[in-house]
Amino acid sequence: MVKSKVQKKYKSLLGEKETEHAIVLIKDFFQLALSTELNLTRVTAPLFVRSGTGVNDDLNGVERPVSFPVKSMNEEKLEIVQSLAKWKRLKVTDLELKPGFGIYTDMNAIRPDEDLDAVHSLYVDQWDWEMAIDEKDRTIFYLHEIVEKIYRCIKRTEFYIYDRYDNIKPVLPEHIEFVYADDLQREYPDLTPKEREAKVAKKYGAVFISGIGGKLPDGSIHDGRSPDYDDWITETGDGHRGLNGDIIVWNDILNQPFELSSMGIRVCPQSLTEQLEERGMQSRAKLMFHSKLLKGQLTQTLGGGIGQSRLCMFLLRKAHIGETQVSIWPEKIHAECKKKGIKLLQLK
């Protein structure tokens with residue numbers, strides 16, 4: 001079922017043809033702003049990678065990637081990417097980029113185990129980006145500087161759309177607020193992580209929640225993170241742990257918090273070892289990617305993903321991600337969308 005709280009009288013501010021035009025405007029404008037702000041060069045990305053190398057993103061460690069054998073390669077199994085979190089670090093290393101410079105790409109992924117609703121689809125499209133950093137930049141303060149740059153790009157894109165469609169009014173606050181997952185747990189111990197996100201997102205309009213994946217004071221975690229890309233265990237020096245987080249805004253159409261980006265400083269050999277141990281996944285250390293990292297053969301990086309369809313959905317005030325991308329939906333979602341006046345781009 002569609003889990004978001006869409007009002008029954010929802011009506012899209014743009015028709016289908018206008019929506020398609022606006023999607024192109026957003027994507028062209030935002031990626032240029034992002035690449036300029038972060039010194040990123042566009043690269044071509046893979047749709048699939050070899051199984052058993054550790055390069056594919058395991059997400060929370062339980063999601064199954066789509067895989068297939070290749071006749072011309074002795075039936076070797078390849079996997080459709082779930083994200084490019086680790087591939088990008090290999091690419092930055094291969095290009096020998098200097099600190100402060102990086103790459104971005106169009107990431108197209110399939111996540112067959114996704115729970116489908118108004119913001120989650122089988123098809124995931126992101127701007128995946130990664131930049132080289134110095135060891136001295138492995139701080140929460142540097143991470144927050146990059147977050148502010150990305151948020152400025154989002155704000156500029158929102159105004160760009162308003163300048164062309166004056167019925168789509170700007171709603172984002174001037175500044176993004178920084179909060180920590182462990183502080184939220186202490187402040188709202190009786191709420192679930194998603195309920196905590198709703199509290200702060202509605203209060204501030206836009207927040208970056210730092211320290212996602214590591215253990216909170218009560219032993220729980222705010223949200224799942226694989227142990228082998230974001231660093232969620234390193235002490236920040238201000239009483240917290242974790243050099244990663246999510247950009248979350250308040251979505252009035254859905255009446256809920258709305259994640260636009262997940263990002264972080266990537267693991268170093270020490271934090272990878274500690275995170276694999278905490279999750280009981282020490283066997284991964286033998287995989288190609290992990291072995292290179294533990295030997296110090298990979299560039300230190302910071303990176304993340306920014307949802308393309310999600311950003312379009314938010315900026316165009318859409319009620320369902322199926323209004324800004326083409327995917328496949330079960331009959332229940334088709335029926336619910338029709339009832340609420342939501343026109344999915346996918347033909348039934």
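Analyst: A disulfide is a pair of cysteine sulfur atoms within 2.5 Å. Keep that cut-off in mind as we go through this predicted model.

User: Happy to. Why is C337 not counted in a disulfide with C312?

Analyst: The closest cysteine sulfur to that of C337 is in C312, 18 Å away, and because the cut-off is 2.5 Å, that is too far for a bond.

User: How many disulfides does the structure hold?

Analyst: The structure holds 0 disulfides. C312 is in none, and its nearest cysteine sulfur, that of C153, lies 15 Å away.

User: What makes C312 count as buried or exposed?

Analyst: Buried means under 20% relative accessible area. C312 has 0% relative accessibility, so it counts as buried. C337 is at 1% relative accessibility, and therefore C337 counts as buried too.

User: Now the helices. Why is helix 1 called roughly antiparallel to helix 3?

Analyst: The axes of helix 1 (residues 16–38) and helix 3 (residues 140–164) cross at roughly 150 degrees and come within 9 Å. Angles over 145 degrees count as roughly antiparallel, so that is the term for helix 1 and helix 3. As for handedness, helix 1 passes helix 3 in a right-handed crossing.

User: Which residues meet there?

Analyst: Helix 1 brings residues including L25, I26, F29, F30 and E37. Among those they meet in helix 3 are I150, R152, C153, Y160 and R164.

User: How do the residues of this contact divide into nonpolar, polar and charged?

Analyst: The contact of helix 1 with helix 3 has 14 nonpolar, 1 polar and 5 charged residues.

Notes
Residues are numbered from 1 along each chain as its sequence is written. This is a predicted model: local features need pLDDT of at least 70, side-chain atom pairs count only at pLDDT 80 or more; totals for chains, interfaces and linings use all residues. Side-chain values use heavy atoms; hydrogens and water are left out. Axes are lines fitted to C-alpha atoms, for helices over the stretch in contact, and angles run from 0 to 180 degrees between N-to-C directions. Helices (H or I, at least four residues) and strands (E, at least two) are DSSP runs, numbered from the N terminus. Angles under 35 degrees count as roughly parallel, over 145 as roughly antiparallel, 65 to 115 as roughly perpendicular and the rest as oblique. A crossing is left-handed if the near helix is turned anticlockwise from the far one by less than a right angle, and right-handed if clockwise. Contact means heavy atoms within 4.5 Å. Ala, Val, Leu, Ile, Met, Phe, Trp, Tyr, Cys and Pro count as nonpolar, Asp, Glu, Lys and Arg as charged, and the others, Gly among them, as polar. Buried means under 20% relative accessible area, exposed over 50%, partly exposed in between (1.4 Å probe, protein chains only).
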